[in-house]
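Me: Please take a close look at the aromatic rings in this model, and at how they are arranged relative to one another. I would like one connected account that also places them within the chain as a whole.

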Amino acid sequence: DQPRSRGLGDVYKRQGVTSTGSGQGAASEFTTAAVAAALVGRLRDAGDDEHKLEDAFGAIGAATELSFTNKTHLARQLVNQHGVLRMLWRTLAAPQLSANCLAQLLRALKFLICGHIVRVMQAVDLGVIPVVLRCMAAHVEHSGVQTFGCGCILSIVWANKPRIYEAVKRNDGLVAVLRSMSTHLADAPVLLQACGALKNLAFLPKLAKELGELGATESLVAVLTQHEANAAVVGKAFGALTNLTNRDAKTKKKFGQANGCSVMMQALRKHQANAALVTKGVTALGRVASYPTNAAKLGSTGAVAFLITLQQQHRSSAAIAADICQGEGRLAAVSANAVQFVSAGGLQMLARVFADFASDAKVMGKACYTLSKVVSTTAVLVQETFSVVVVGLVKALRTHALCEKLAESACYSLRYIAAGAEANNAICCENGGVEALEHVLRLYQRSRTDDDDVFSPTRSVTDYARGALAVVTVNFGDQV
């Protein structure tokens, strides 16, 4: 009882269409209009014949999916010129449709509105959300209905409007998506759409917290365990996990308690050559690791050394470098992980990052953040091994001094590195560290009044810069 896949086949062949690629000017618009007219004619000719309706919905779904991929305007023609969205809505509200027919209708609906906020809002105004969720509740066991039902929720919630979130929540949409994941745990197509819907829903912190309370983290652990080898599913699960664990500490804690840290690392190791998936996975790891207990668990699985290896493997990727530095910084909040970082070659990794991405403010900021977390752990201080990062650190401070977070982390790090060994102090002076610190002081200096917030970011930068300057010049005052 699975939905049949109806391709473009005879629809395109009858119109003599061999390509629907973008950039074909008037000819492309003509063929798109012809295909739209053929699809609408097929839908009208179907009448009340359910098998013909299923075929017509399937053809519209396949055509609009291809149109979305190729960036043509078929969906626009169908909605604006032929009113197909309203036609689908009227049919969707009919209670007598079979599950197969509903699945094809939901597929057509998903790709008619996908990525276009005006069409999404038209569907919302028609009242599509409660009807889609009722269909999903009525056909829990049907994978096609669940796949494209979750796909519709994904496309609708993408619009990021408060009333959409409220409508989904009010009609038990959160439960519906999680129910699809648990009922069809072995079905990858369902999970792809459900994880995408979960990611979009969890973008709103309030819903992310509620989803965590409903068991979303445990569901994602189950998905990663069951589909560890499926890169597409793992990537979608990592994306959902990133939003889900963005803020709520309880959700992060539940993920760790569900053995999520170990499962995440297994999936990352499985796909470490996949750059796109690594980016998603390391981003999720950074969110999860911001909870100290999870950071300790990840450290025990070898996450610190593994991230260093990943950076070397994807050395040319600025995005991966930034995410890895963020993750290492979060892990280094646990002293044992900071020690691992130094012993596993983490400082050499940071030196490479400083050299390779010197002009990228985002990467430099993340690298300085990581270093500040590592040096704040007393167990690894007073080591001349930190000399490998001093040159890059000073250069980052000189180049990106206007980036406040970067300047704060860099000044903090320089203060402790220079105090750790005289060699570090000398390298700092020889490479313009004093000038860089004085430049930061000039940029961020401001008069101190009684109304100043003692914890203001600007004050932190100036305080750290003064502290670093005092340490750097203590042994080299005459030279300075």
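**The tyrosine cluster**

Reply: Y412 and Y416 both belong to helix α26, which covers residues 404–420, and because they are four residues apart there, about one helical turn separates them. The model is a predicted one, and the description that follows should be read with this in mind. When the whole structure is searched, two aromatic pairs are found. In the pair made by Y412 and Y416, the ring centres are 5.0 Å apart and the planes meet at 50°, so this pair is classed as tilted; the cut-off for edge-to-face is an angle over 60 degrees, while stacked planes are under 30 degrees apart.

The two residues also fall into separate accessibility classes: Y416, at 29% relative accessibility, counts as partly exposed, whereas Y412, at 18%, counts as buried, the limit for that class being under 20%. Y412 also forms an aromatic pair with Y464, and here the geometry is edge-to-face, with 5.1 Å from centre to centre and 80° between the planes. Since Y412 lies in helix α26 and Y464 in helix α29 (residues 457–474), this pair ties together parts of the chain that are 52 residues apart in sequence. Y464 itself has a relative accessibility of 24% and therefore counts as partly exposed. Taken together, the ring pairs link Y412, Y416 and Y464 into a cluster.

Helix α26 has a further role in the packing around helix α25 (residues 387–399), where V389, V390, G392, L393, V394, A396 and L397 are buried. These buried residues of α25 pack against α26, and also against α23 (346–356), α24 (361–375), α27 (422–430) and α28 (433–444).

Elsewhere, aromatic rings are found with a charged side chain over the face. K110 lies over the face of F111, at 5.1 Å from the ring centre, and R269 is placed over the face of F306, likewise at 5.1 Å from the ring centre.

As for the wider setting, the protein chain has 29 helices and zero strands, and 54% of its 480 residues count as buried. Among contacts with a separation of 6 or more, 76% are accounted for by residues 24 or more positions apart; the pair of Y412 and Y464 likewise joins parts that are 52 residues apart in sequence. The accessible surface of the protein chain comes to about 20000 Å², and 51% of that area belongs to carbon and sulfur atoms.

Methods:
Residues numbered from 1 in each chain as written. Predicted model: local features only at pLDDT ≥ 70, side-chain atom pairs only at ≥ 80, totals over all residues. Heavy atoms only, no water. Phe/Tyr/Trp six-rings, centres within 6.5 Å; stacked < 30°, edge-to-face > 60°. Helix = DSSP H or I, 4+ residues; strand = E, 2+ residues; numbered from the N terminus. Buried < 20%, exposed > 50% of the residue type's maximum accessible area, 1.4 Å probe, protein only. Lys NZ or Arg CZ within 6 Å of the ring centre and 35° of its normal. Contact = heavy atoms within 4.5 Å. Areas by Shrake-Rupley, 256 points an atom, 1.4 Å probe, with all protein chains shown as cover.
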